[in-house]
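This report describes selected side-chain and backbone features of one protein model. The structure is shown first, and the account of its features follows.

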Amino acid sequence: RALCVGLGGTAALLGLGAVRYAGSAPLVRPPGGQDEEALVSACIRCEKCYEVCPRGVIAPAHLEDGILNMRTPSMDFKAGWCDFCTNEANGPQCVNVCPTRALGLPAGAVLGNTETGEVGNVVLGVAEVNRDWCLAQRGMGCHECVDACAFDALELGYDHVPVVDVDRCNGCGACENACISLTAGAIAPGATDRAIVVVPLS
């Protein structure tokens with residue numbers, strides 16, 4: 001009976017246009033969650049990684065991210081940024097607490113270190129600048145994102161607009177967290193997000 005109810009509910013949702021939610025969109029994941037297929041299949045949505053994150057940057061994915069992704073861990077750089085638990089015993093707390101190893105660092109993983117500026121080989125995503133929304137592009141002298149980057153992955157270009165060094169960016173999200181383009185008063189017309197955001201690796 002439960003199976004029939006579930007199938008009927010699914011059919012009704014699909015009939016109402018929910019097919020757009022059926023997929024699994026790539027998301028920026030916590031350290032150790034870069035194998036998207038392995039994470040989605042192993043994650044039991046226990047929420048322990050959200051609770052243990054010292055910076056509060058891990059959040060549940062939502063329905064619009066796809067049914068398969070719903071309530072799996074994703075990075076919310078509006079709330080904070082990932083320092084790879086540089087000052088925490090035993091490294092990333094999210095990896096340590098995961099009961100199914102859905103978050104699991106591969107052998108040879110080197111984490112970024114915010115104190116030394118070592119980038120490491122664990123890459124969460126890469127920062128992208130939307131020049132149309134950037135305050136520096138509009139001559140306002142902003143360089144908050146450049147100042148926030150502990151890994152020297154951002155610098156001001158010839159026109160004083162931030163440029164991302166993709167070889168040094170590990171997707172920690174400090175730049176996105178620091179961006180003031182949506183709070184500085186002179187918001188660019190049409191802006192719906194911060195001028196610099198971390199996106200999943202393609």
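## Salt bridges

The model is predicted, and it contains six salt bridges. In general terms, side chains of opposite charge can pair when their charged atoms come close.

One of the six joins R29 to E36, with a nitrogen-to-oxygen distance of 2.6 Å. R29 counts as buried, at a relative accessibility of 1%.

## Pairs that link distant parts of the chain

A second salt bridge pairs D193 with K78 at 3.1 Å, N to O. D193 sits in the loop between α6 (174-178) and β6 (196-199), while K78 sits in the loop between β2 (73-75) and α4 (93-97), so the pair ties together parts that are 115 residues apart in sequence. Both partners are partly exposed: D193 has a relative accessibility of 24%, and K78 has a relative accessible area of 36%. The contact also belongs to a wider arrangement, since K78, E176 and D193 are linked in a network of salt bridges.

A third salt bridge is formed by the side chains of D159 and R131, at 2.3 Å from N to O. This pair too links distant parts of the chain, 28 residues apart: D159 is in the loop between β4 (154-156) and β5 (162-164), and R131 is in the loop between β3 (126-129) and α5 (144-148). D159 is partly exposed, with a relative accessible area of 23%; R131 is likewise partly exposed, at 35%.

## Cysteines

How many disulfides does the structure hold? The number is zero. C149 takes part in no disulfide, and the nearest cysteine sulfur, that of C172, lies 5.9 Å away. A disulfide requires two cysteine sulfur atoms within 2.5 Å. C149 is buried, with a relative accessible area of 15%.

Why does C169 form no bond with the closest cysteine sulfur? That sulfur belongs to C175 and is 6.1 Å from the sulfur of C169, which is too far for a bond. C169 is buried, at a relative accessible area of 10%.

## Residues with positive phi

N90 has a positive phi of about 70 degrees although it is not a glycine. The residue is located in the loop between β2 and α4, the loop that also holds K78. N90 is exposed, with a relative accessible area of 68%.

H160, another residue other than glycine, has a positive phi near 70 degrees. H160 is placed in the loop between β4 and β5, where D159 is also found. Is H160 buried or exposed? H160 is exposed, with a relative accessible area of 55%.

## The largest pocket

The largest pocket of the model has a volume of about 230 Å³. Its lining comprises 18 residues, of which L27, V28, S74, M75 and V198 are the closest to the centre of the pocket.

Which elements give two or more residues to this lining? They are β1 (58-60), β2 and β6. The most comes from β6, with three residues. Divided by class, the lining of the largest pocket has twelve nonpolar, two polar and four charged residues.

Methods
Residues are numbered from 1 along each chain as its sequence is written. This is a predicted model: local features need pLDDT of at least 70, side-chain atom pairs count only at pLDDT 80 or more; totals for chains, interfaces and linings use all residues. Side-chain values use heavy atoms; hydrogens and water are left out. Buried means under 20% relative accessible area, exposed over 50%, partly exposed in between (1.4 Å probe, protein chains only). A salt bridge is a side-chain nitrogen of Lys or Arg within 4 Å of a carboxyl oxygen of Asp or Glu. Helices (H or I, at least four residues) and strands (E, at least two) are DSSP runs, numbered from the N terminus. On a 1 Å grid over the protein atoms alone, a cavity is a set of points where a 1.4 Å probe fits but cannot get out, and a pocket is an open set with protein on both sides within 12 Å along at least five of seven lines; lining residues have an atom within 4 Å of a point. Grid points are joined across faces, edges and corners, and a volume is the space filled by probe spheres set on the points. Ala, Val, Leu, Ile, Met, Phe, Trp, Tyr, Cys and Pro count as nonpolar, Asp, Glu, Lys and Arg as charged, and the others, Gly among them, as polar.
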